[in-house]
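User: Hi! I'd like to go through this structure with you and learn where each label comes from. Could you show it first?

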Amino acid sequence: MPDEDKKRVAHQALVDRVLTGEGTASAEDRARAFGNADVPPPLQALIGKVAMTPSQVTDADFAAAKAAGFSEDQLFELVVCAAVGQSTRQYEAGLAALAEGEVG
């Protein structure tokens, strides 16, 4: 198997694991965090920052999500989903740009 195919297989395994593997956060919440879309209000600030401006995540973002009833384990899983989701979008955009450059 070519190296690029191995990378794609490994990446897909990661995505599958964070979205459908065992966890304490619901599969629905994980998918929302992964896509950074339709995230419930108590999580919007945290998940949005993780995906778009991770250096701006604060303790207050975590405290607000915890106050809404999310456990530390759930928040860890959702943060991982948000980070993997954003990196997936960037990875796919990069692959698309490379493919476009090869065609032209």
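Analyst: Happy to! This is a predicted model, and a good place to begin is its three salt bridges.

User: What makes Arg32 and Glu28 a salt bridge?

Analyst: The N to O distance between the side chains of Arg32 and Glu28 is 3.5 Å. The cut-off is 4 Å between a side-chain nitrogen of Lys or Arg and a carboxyl oxygen of Asp or Glu, so the pair qualifies. Both residues sit in helix α2, four residues apart, which is about one turn of the helix.

User: Is Arg32 buried, exposed or partly exposed, and how do you know?

Analyst: Arg32 has 27% relative accessibility. Buried requires under 20% and exposed over 50%, so Arg32 is called partly exposed.

User: Which residue pairs with Asp61, and what makes that a salt bridge?

Analyst: The partner is Lys49, with the closest N and O atoms 3.0 Å apart. That distance is within the 4 Å limit, so the pair counts as a salt bridge. This pair links distant parts of the chain: Asp61 belongs to helix α4 (residues 59-67) and Lys49 to helix α3 (residues 41-52), 12 residues apart.

User: How do Asp61 and Lys49 rank for burial?

Analyst: Asp61 has a relative accessible area of 9%, under the 20% cut-off, so Asp61 is buried. Lys49 is at 23%, between the two cut-offs, and therefore counts as partly exposed.

User: And what about Glu72 and Lys66?

Analyst: Their closest N and O atoms are 2.8 Å apart, so Glu72 and Lys66 also form a salt bridge under the 4 Å rule. Glu72 is called exposed because its 56% relative accessibility is over 50%. Lys66, at 39%, is partly exposed. As background, side chains of opposite charge can pair when their charged atoms come close.

User: Let's turn to a glutamine. Why is Gln74 called buried?

Analyst: Gln74 has 19% relative accessibility, and buried means under 20%, so the label applies. Gln74 lies in helix α5.

User: What polar partners does the side chain of Gln74 have?

Analyst: There are two backbone atoms to look at. The backbone nitrogen of Ser71 is 2.8 Å from a polar atom of the Gln74 side chain. The backbone oxygen of Thr24 is 3.3 Å from a polar atom of that side chain. Each distance fits the 3.5 Å limit for a polar contact. Setting aside neighbours within four places in sequence, Gln74 is in contact with Thr24, Ala25 and Gly69.

User: How do you know whether Gln86 is buried or exposed?

Analyst: Gln86 has a relative accessible area of 13%, and the cut-off for buried is under 20%, so Gln86 is buried. Gln86 is found in helix α5 (residues 72-103). Not counting residues up to four places away in sequence, Gln86 touches Phe34, Ala51 and Met52.

User: How are helices α1 and α2 placed, and why does the angle get the name it does?

Analyst: The axes of α1 (residues 3-20) and α2 (residues 27-35) come within 8 Å and cross at roughly 135°. Roughly perpendicular ends at 115 degrees and roughly antiparallel begins over 145, so α1 is oblique to α2.

User: Which residues meet there?

Analyst: From α1 come Val15, Arg17, Val18, Leu19 and Thr20, and from α2 come Ala27, Arg30, Ala31 and Phe34. By class, this contact has six nonpolar, one polar and two charged residues.

User: What makes Asn36 and Asp38 worth a look?

Analyst: Most residues other than glycine have a negative phi. Asn36, however, has a positive phi near 50°. Asp38 has a positive phi of about 55° and is not a glycine. Asn36 is in the loop between α2 and α3, and Asp38 lies in that loop too. Asn36 is partly exposed at 28% relative accessibility, whereas Asp38 is exposed at 66%, because that value is over 50%.

User: Lastly, how many helices and strands does the protein have?

Analyst: The protein has five helices and zero strands. Buried residues make up 30% of its 104 residues, and the C-alpha atoms fill a box of roughly 50 × 30 × 20 Å along the principal axes.

Terms used
Residues are numbered from 1 along each chain as its sequence is written. This is a predicted model: local features need pLDDT of at least 70, side-chain atom pairs count only at pLDDT 80 or more; totals for chains, interfaces and linings use all residues. Side-chain values use heavy atoms; hydrogens and water are left out. Axes are lines fitted to C-alpha atoms, for helices over the stretch in contact, and angles run from 0 to 180 degrees between N-to-C directions. Helices (H or I, at least four residues) and strands (E, at least two) are DSSP runs, numbered from the N terminus. Angles under 35 degrees count as roughly parallel, over 145 as roughly antiparallel, 65 to 115 as roughly perpendicular and the rest as oblique. Contact means heavy atoms within 4.5 Å. Ala, Val, Leu, Ile, Met, Phe, Trp, Tyr, Cys and Pro count as nonpolar, Asp, Glu, Lys and Arg as charged, and the others, Gly among them, as polar. Buried means under 20% relative accessible area, exposed over 50%, partly exposed in between (1.4 Å probe, protein chains only). A polar contact is a pair of N or O atoms within 3.5 Å; within protein, one must be able to donate a hydrogen and the other to accept it, and residues adjacent in sequence count only if both atoms are side-chain atoms.
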